[in-house]
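This report covers two residues of one helix, the strand pairing around them, and the contact between two chains. The sequence and structure come first.

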Amino acid sequence: MIFLTRRATFSASHYYWNDGWTAEKNEQVFGRCSNKNGHGHNYTLEVTVAGEPDPVTGFVVDLKWLKDVIEREILSSWDHRHLNLEVPEFAHAIPTTENIAIAAWKRLDKPVSQAGGARLNRIRVYETPEVFAEFRGPA
Amino acid sequence: MKASFGRRYLFSASHRLHTDALSPEENRSAFGKCNNPHGHGHNYVVEVLVGGDVDPETGMVVNLVVLDDLVRTRVLERFDHAHLNLDPVFMNRVPTTENLCKTVFQLLKGAFGPATLECVRVEETENNFFECYG
């Protein structure tokens with residue numbers, strides 16, 4: 001089994017807010033991230049797929065194909081967007097790094113598995129170089 | 001839904017790889033320049049990976065502020081700008097980065113409430129790193 005990872009970057013804004021809570025509780029739990037004017041990050045997305053190299057091409061997946069899938073399924077919707085206001089997954093889920101990793105998995109799982117050959121193994125999302133979340137699929 | 005949350009921290013410390021169980025020649029042979037008598041230092045990177053259910057109310061596995069506080073009080077304040085060999089945990093253990101990695105795992109294990117510590121990774125330099133999964 002070979003694990004192949006492709007990295008992509010996108011820039012987006014967000015804020016953390018739970019509508020079920022008071023403003024005071026939101027500020028207490030989320031701190032500066034609760035500022036409703038939002039703030040932004042340069043995110044790095046790492047997409048890992050697992051499979052055996054194709055005997056003809058030697059590829060687990062074609063990297064150009066994977067790049068295009070990431071572009072079509074994720075970057076075209078998320079890059080230079082406000083995640084809370086413009087991305088449907090985050091209309092009701094707080095766009096924490098954890099939830100962004102889960103949402104990326106949901107957008108990529110089917111396209112990767114339908115292509116045959118490889119399956120999605122891991123999503124890692126860096127919010128900053130020091131902070132990241134990863135999702136390895138539903139348990 | 002389970003996910004993992006990771007964070008990187010930095011501390012600087014000195015150490016010397018040496019054990020009284022070996023002769024001076026054997027120490028030199030085993031540890032090379034890391035055995036030089038007065039020690040040397042590194043900028044260590046500690047990467048902490050915590051896993052668990054994403055809280056439906058917060059969208060978080062673990063609150064970053066809580067994670068930062070725990071790592072700061074249990075690890076960084078203890079080892080930053082310190083000589084590792086003088087720490088009680090290394091009195092009878094060589095402060096290799098393997099042992100440091102295991103120590104950091106032990107210091108943080110069980111600290112994150114419902115979330116669990118999955119992995120501690122310690123980078124001694126840009127070119128070598130060690131991971132402990134418990």
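## Two residues of helix α2(A)

E73(A) has a relative accessible area of 21% and is therefore partly exposed, since the buried class ends under 20%. The model in which this value was computed is a predicted one. E73(A) is part of helix α2 of chain A, which spans residues 63–78. Leaving out residues up to four places away in sequence, E73(A) touches R107(A), L108(A) and P111(A). The side chain of E73(A) also makes a polar contact, at 3.2 Å, with the side chain of R72(A).

I70(A) lies in helix α2 of chain A as well. Is I70(A) buried or exposed? Its relative accessibility is 1%, so I70(A) counts as buried. With residues up to four places away in sequence again left out, I70(A) touches R6(A), A8(A), L45(A), V47(A), L75(A) and L108(A). L108(A) is thus listed as a contact of I70(A) and also as a contact of E73(A).

Both residues can be placed relative to R7(A) by their C-alpha atoms. The table gives the separations.

| C-alpha pair | Separation along the chain | C-alpha distance |
|---|---|---|
| E73(A) and R7(A) | 66 residues | 14 Å |
| I70(A) and R7(A) | 63 residues | 9.4 Å |

## Strands within chain A

Strand β1(A), residues 2–14, pairs with strand β2(A), residues 39–51. The pairing is antiparallel and runs over 13 bridges. Within it, H14(A) stands opposite H39(A) of β2(A).

β1(A) also pairs with strand β3(A), residues 81–82. Here the two strands run parallel and are joined by two bridges. S13(A) has H82(A) as its bridge partner in β3(A).

## Contact between chains A and B

The interface brings 21 residues of chain A into contact with 20 residues of chain B. About 1700 Å² is buried between the two chains, and 58% of that area is on carbon and sulfur atoms. On the side of chain A, the residues that lose the most area to chain B are E98(A), E130(A) and F132(A), which together account for 31% of what that side buries.

How many salt bridges are counted between chain A and chain B? The count is one. A salt bridge joins the side chains of R136(A) and E118(B), with an N to O distance of 3.2 Å. Residue pairs in polar contact between the chains, both members at pLDDT 80 or more, number 10.

Three elements of chain A each supply at least two residues of the side that touches chain B: α1 (23–30), α4 (97–114) and β5 (131–135). The largest share comes from β5(A), with five residues. By residue class, the side of chain A that touches chain B comprises 12 nonpolar, three polar and six charged residues.

β5(A) also takes part in strand pairing across the interface. Its partner is strand β1 of chain B, residues 2–15, and the two pair in the antiparallel sense over four bridges. In this pairing F132(A) stands opposite G6(B) of β1(B). F132(A) is also one of the residues of chain A that lose the most area to chain B.

Note on methods:
Residues are numbered from 1 along each chain as its sequence is written. Chains are lettered from A and ligands numbered from 1 in the order in which they are written. This is a predicted model: local features need pLDDT of at least 70, side-chain atom pairs count only at pLDDT 80 or more; totals for chains, interfaces and linings use all residues. Side-chain values use heavy atoms; hydrogens and water are left out. Contact means heavy atoms within 4.5 Å. Buried area is the accessible area (1.4 Å probe) that two parts lose on being put together, summed over both. A salt bridge is a side-chain nitrogen of Lys or Arg within 4 Å of a carboxyl oxygen of Asp or Glu. A polar contact is a pair of N or O atoms within 3.5 Å; within protein, one must be able to donate a hydrogen and the other to accept it, and residues adjacent in sequence count only if both atoms are side-chain atoms. Ala, Val, Leu, Ile, Met, Phe, Trp, Tyr, Cys and Pro count as nonpolar, Asp, Glu, Lys and Arg as charged, and the others, Gly among them, as polar. Two strands pair if DSSP finds at least two bridges between them. Buried means under 20% relative accessible area, exposed over 50%, partly exposed in between (1.4 Å probe, protein chains only).
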